[in-house]
Amino acid sequence: VAALASGRDDKRNLDLIVAGTGSTNLIFLNAATGKHLDDVISPYGLPDRIRVHLHPVTGESQFMVGHSQLTCCSSVRVWNPQAKQEICYEKSLIPKGRTDYGWDSCSLVELQIQALGPDQSERVIVLRQGAVNQLTVYDQATADPLWDATLGGAPVALVVRSRYEAGDARCFVAEQFGGIVGFDAQGERVFSTRLASSLQGMSATPNGSLVAWSSNQLYLIKDGRHFDSFSITGKSLGFIGSAINHGFLSSDSAQLHFQKIN
């Protein structure tokens, strides 16, 4: 099992568990009984990225599915609770070598669904890496690409901050070889910095700061500048926590380590 998600099927009055499996299947189960309801092939790879989204008009659960491993296809497909495909996010305004039918030798790094401005409807934000490294923002209802940003390096993480100084959101991408770039709601590059020779991940704190990390160093970025860093003990496990208590977790052979972040 590569990924799990849960949702609601109001038409059948059922709670669902949806599992992406190594046989490239997307399996729909009755959450109360475990009974197999439906399954479909997830073209064309391991469905290990699943996001549950409520349709803004009908309120129905939607399962957005993609593949993080390099395959022939980085499209994001949306399945309804009855295992029927509803829509597909795959095109780019400026393909840069990507095709319009999904066969692009890319994979999905991250997927998020949210509005990027106070007067905007929801957007589907897709970060891809592979033959083309690209961030693409789609209209949620139509799957039309609204803007693309081609990246200089292989991306490893995406953070979308819903509120920023100007009121619009910012999309931040961490790249494998140590860079972070930021884009405004219209796709204009508004931020760029290089922190290290490599980065493994990035997240955001509840107060809006960015947290990025390499194999041995943790970096904090606030108001567009790097302002602090810490050594990481052991293996990085990532950023965790709530608005009250949040920090970075790592482990060595003996114990877990928690670095509180203010």
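Biologist: Leaving aside neighbours within four places in sequence, which residues is arginine 161 in contact with?
Modeller: This is a predicted model: local features need pLDDT of at least 70, side-chain atom pairs count only at pLDDT 80 or more, and totals for chains, interfaces and linings use all residues. Residues are numbered from 1 along each chain as its sequence is written, and side-chain values use heavy atoms, without hydrogens or water. Contact means heavy atoms within 4.5 Å. By that rule, the partners of arginine 161 are Gln114, Ala169, Arg170, Phe172, Gly208 and Leu210.

Biologist: Where is the place of arginine 161?
Modeller: Strands (E, at least two residues) and helices (H or I, at least four) are DSSP runs, numbered from the N terminus. Arginine 161 belongs to one of these runs, strand E13.

Biologist: Does arginine 161 count as buried or exposed?
Modeller: Buried means under 20% relative accessible area, exposed over 50%, and partly exposed in between, with a 1.4 Å probe and protein chains only. Arginine 161 has 15% relative accessibility, so it counts as buried.

Biologist: Arginine 161 touches Ala169. Which strands lie on either side of the loop that holds alanine 169?
Modeller: One strand covers 155-161 and the other covers 170-175. Alanine 169 sits in the loop between them, so look between the two strands named E13 and E14.

Biologist: Why does alanine 169 count as buried?
Modeller: Its list of contacts, not counting residues up to four places away, includes Ala115, Leu116, Val160 and Phe183. The label itself rests on accessible area: alanine 169 is buried because its relative accessibility is 0%.

Biologist: How far apart in space are alanine 169 and proline 81?
Modeller: In sequence they are 88 residues apart. From C-alpha to C-alpha, the distance is 30 Å.

Biologist: What is the strand order in the open sheet that holds E13?
Modeller: Two strands pair if DSSP finds at least two bridges between them. This sheet has four strands with antiparallel pairing, in the order E13-E14-E15-E16.

Biologist: Which strands stand at its edges?
Modeller: Each edge strand has a single partner, so one side of each is left without a neighbour in the sheet. The two are E13 and strand E16 (189-194).

Biologist: What does the twist average from one strand to the next?
Modeller: The axes are lines fitted to C-alpha atoms, for helices over the stretch in contact, and angles run from 0 to 180 degrees between N-to-C directions. From strand to strand here, the twist averages 15°.

Biologist: Which residue in E15 stands opposite cysteine 171?
Modeller: E14 and strand E15 (residues 179-183) pair in the antiparallel sense over four bridges. Opposite cysteine 171 in E15 is phenylalanine 183.

Biologist: In the open sheet E17-E18-E19-E20, which strands are at the edges?
Modeller: The four strands have antiparallel pairing. An edge strand pairs on one side only, and here these are E17 and strand E20 (225-231).

Biologist: In E19, what is the bridge partner of valine 211?
Modeller: Strand E18 (residues 210-213) and strand E19 (residues 217-222) run antiparallel, joined by four bridges. The partner of valine 211 is leucine 220.

Biologist: Which residues make up the covered face of strand E1?
Modeller: In a regular strand, side chains alternate between the two faces of the sheet. E1 (residues 3-9) has Leu4, Ser6 and Arg8 on its uncovered face. The covered face has Ala3, Ala5, Gly7 and Asp9.

Biologist: How many bridges join E1 to strand E2?
Modeller: The two strands run antiparallel, with E2 covering residues 14-20. Aspartate 9 stands opposite leucine 14 in E2. The number of bridges is seven.

Biologist: What is phi of asparagine 13?
Modeller: Most residues other than glycine have a negative phi, and most peptide bonds are trans. Asparagine 13 lies in the loop between E1 and E2, and at 55% relative accessibility it counts as exposed. Its phi is positive, near 55°.

Biologist: What is phi of alanine 143?
Modeller: Alanine 143 lies in the loop between strand E11 (134-139) and strand E12 (145-150). At 10% relative accessibility, alanine 143 counts as buried. Its phi is also a positive value in a residue other than glycine, near 70°.

Biologist: Which residues does alanine 196 touch, not counting those up to four places away in sequence?
Modeller: Alanine 196 lies in the loop between E16 and strand E17 (201-204). With a relative accessible area of 16%, it is buried. It touches Phe177, Gly178 and Tyr219.
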